[in-house]
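User: I am new to this structure and would be grateful for a close look at its salt bridges. Please take me through them in one connected account.

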Amino acid sequence: MKKIVLITGATSGIGLACAGKFAENGDRLILTGRNGARLDKIRHELEDKGTEVMTLSFDVRDRRAAELCIGQLPAGWREIDVLVNNAGLALGLEPEFAGDPDEWETMIDTNVKGLLTMTRLIVPGMIARNRGHVINIGSVAGDAAYAGGSVYCATKAAVKALSDGLRIDVADTAVRVTNLKPGLVETNFSNVRFRGDTARAAKLYQGIEPLSGDDIADVAVFAANAPAHVQIAEVLILATHQASGSVIVRK
Ligand code: NDP
Ligand code: 8X3
């Protein structure tokens with residue numbers, strides 16, 4: 001059966017790859033992000049291949065905007081089957097005692113509060129229908145802190161706690177909750193983290209074959225299509241030659 005899949009941060013990286021893979025799976029997509037022009041371009045490309053796409057342009061940190069957009073979904077698009085809470089970012093790699101509090105706020109507001117906003121808006125409908133799946137994009141960074149990553153790691157540890165907590169809260173329903181924890185994925189992530197220093201970002205992916213957005217999207221589609229009695233609760237997906245958030249062997 002065709003599912004309605006809502007993806008946050010669908011304009012780049014893992015979110016964009018999820019859009020492509022869920023489209024290949026035959027699903028209908030609600031793509032959300034901050035860049036309306038980019039969303040429109042992606043919508044046209046997917047529509048040309050026969051996918052039904054709706055786009056919503058808002059910042060997940062703006063709770064009112066999120067409420068308005070979700071509240072105004074037209075009939076036929078309201079019964080969201082899969083929520084992919086993907087929008088997120090890391091900023092900086094400074095020690096905790098030297099980090100930029102404004103950047104901490106951006107990470108916490110996006111990765112934690114933005115994810116909560118979307119969950120709060122969409123999961124009640126899933127519970128009422130006794131059907132649905134929340135796929136949170138956590139990270140290996142949520143398993144253990146690494147040097148300079150403490151605030152980002154804390155936000156991803158929070159994603160684990162929020163995923164585990166939600167799974168408990170919906171355990172008496174057929175709603176499923178998955179926490180996907182990628183390792184090193186080559187996307188725009190490091191360009192954002194290093195504030196546009198593309199040379200520094202590129203170095204991170206040298207000497208090792210990193211994961212791609214598609215590698216993560218494949219797991220998301222697999223989890224969303226598992227038999228109804230199977231809940232893929234958590235998956236850690238690392239690059240080969242990566243053992244943890246801080247152990248990466250480059251050759
Ligand atoms: P990208 O930078 O390529 O994509 C991030 C996406 O999130 C973009 O579409 C971006 O939109 C969107 N986004 C950021 N902030 C907001 C916001 N406030 N409101 C709405 N959308 C927003 O990085 P990735 O694809 O790698 O990151 C996706 C998720 O995967 C993140 O949660 C990240 O933490 C997680 N992750 C990434 C890993 C990696 O190694 N790349 C590993 C583990 C987890 P815009 O272009 O407008 O900024
Ligand atoms: C992104 C992966 O290891 O750069 O969550 O933090 S890592």
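To begin with one pair: are D27 and K3 buried or exposed?

Analyst: In this predicted model, D27 is buried, and K3 is buried as well. Their side chains meet in a salt bridge, with a distance of 3.8 Å from N to O. D27 belongs to the loop between α1 (13–24) and β2 (28–33), whereas K3 sits in the segment before β1 (4–7), so this salt bridge ties together parts of the chain that are 24 residues apart in sequence. As a general matter, side chains of opposite charge can pair when their charged atoms come close.

The pair of D27 and K3 is one of the salt bridges of the model; a search of the whole structure finds 20.

Another part of the account centres on E234. This residue forms a salt bridge with K160, and the closest N and O atoms of the two are 2.9 Å apart. The pair links distant parts of the chain, for K160 lies in helix α5 (residues 150–169) and E234 in strand β7 (residues 234–237), 74 residues apart. K160 is partly exposed, its relative accessible area being 28%. E234 also counts as partly exposed, with a relative accessibility of 31%.

E234 has a salt bridge with K181 too, and here the closest N and O atoms are 2.5 Å apart. Since K181 is found in strand β6 (residues 176–182) and E234 in strand β7, this contact ties together parts that are 53 residues apart in sequence. K181 has a relative accessibility of 6%, and it therefore counts as buried, the cut-off for that term being under 20%. E234 thus pairs with K160, which is partly exposed, and with K181, which is buried.

These contacts belong to a wider arrangement. D143, K160, D164, R167, K181 and E234 are linked in a network of salt bridges. Within that network, E234 of strand β7 is joined to K160 of helix α5 and to K181 of strand β6.

One further charged residue deserves mention, although its contact is of another kind. At the start of helix α4, a side-chain oxygen of D100 reaches to within 2.8 Å of the backbone nitrogen of D102. The helix itself covers residues 101–129.

In summary, the salt bridge of D27 and K3 joins two buried residues, while E234, a partly exposed residue, takes part with K160 and K181 in a network that also includes D143, D164 and R167.

Conventions: Residues are numbered from 1 along each chain as its sequence is written. Chains are lettered from A and ligands numbered from 1 in the order in which they are written. This is a predicted model: local features need pLDDT of at least 70, side-chain atom pairs count only at pLDDT 80 or more; totals for chains, interfaces and linings use all residues. Side-chain values use heavy atoms; hydrogens and water are left out. Helices (H or I, at least four residues) and strands (E, at least two) are DSSP runs, numbered from the N terminus. The expected span of a helix is 1.5 Å times one less than its number of residues. A polar contact is a pair of N or O atoms within 3.5 Å; within protein, one must be able to donate a hydrogen and the other to accept it, and residues adjacent in sequence count only if both atoms are side-chain atoms. A salt bridge is a side-chain nitrogen of Lys or Arg within 4 Å of a carboxyl oxygen of Asp or Glu. Buried means under 20% relative accessible area, exposed over 50%, partly exposed in between (1.4 Å probe, protein chains only).
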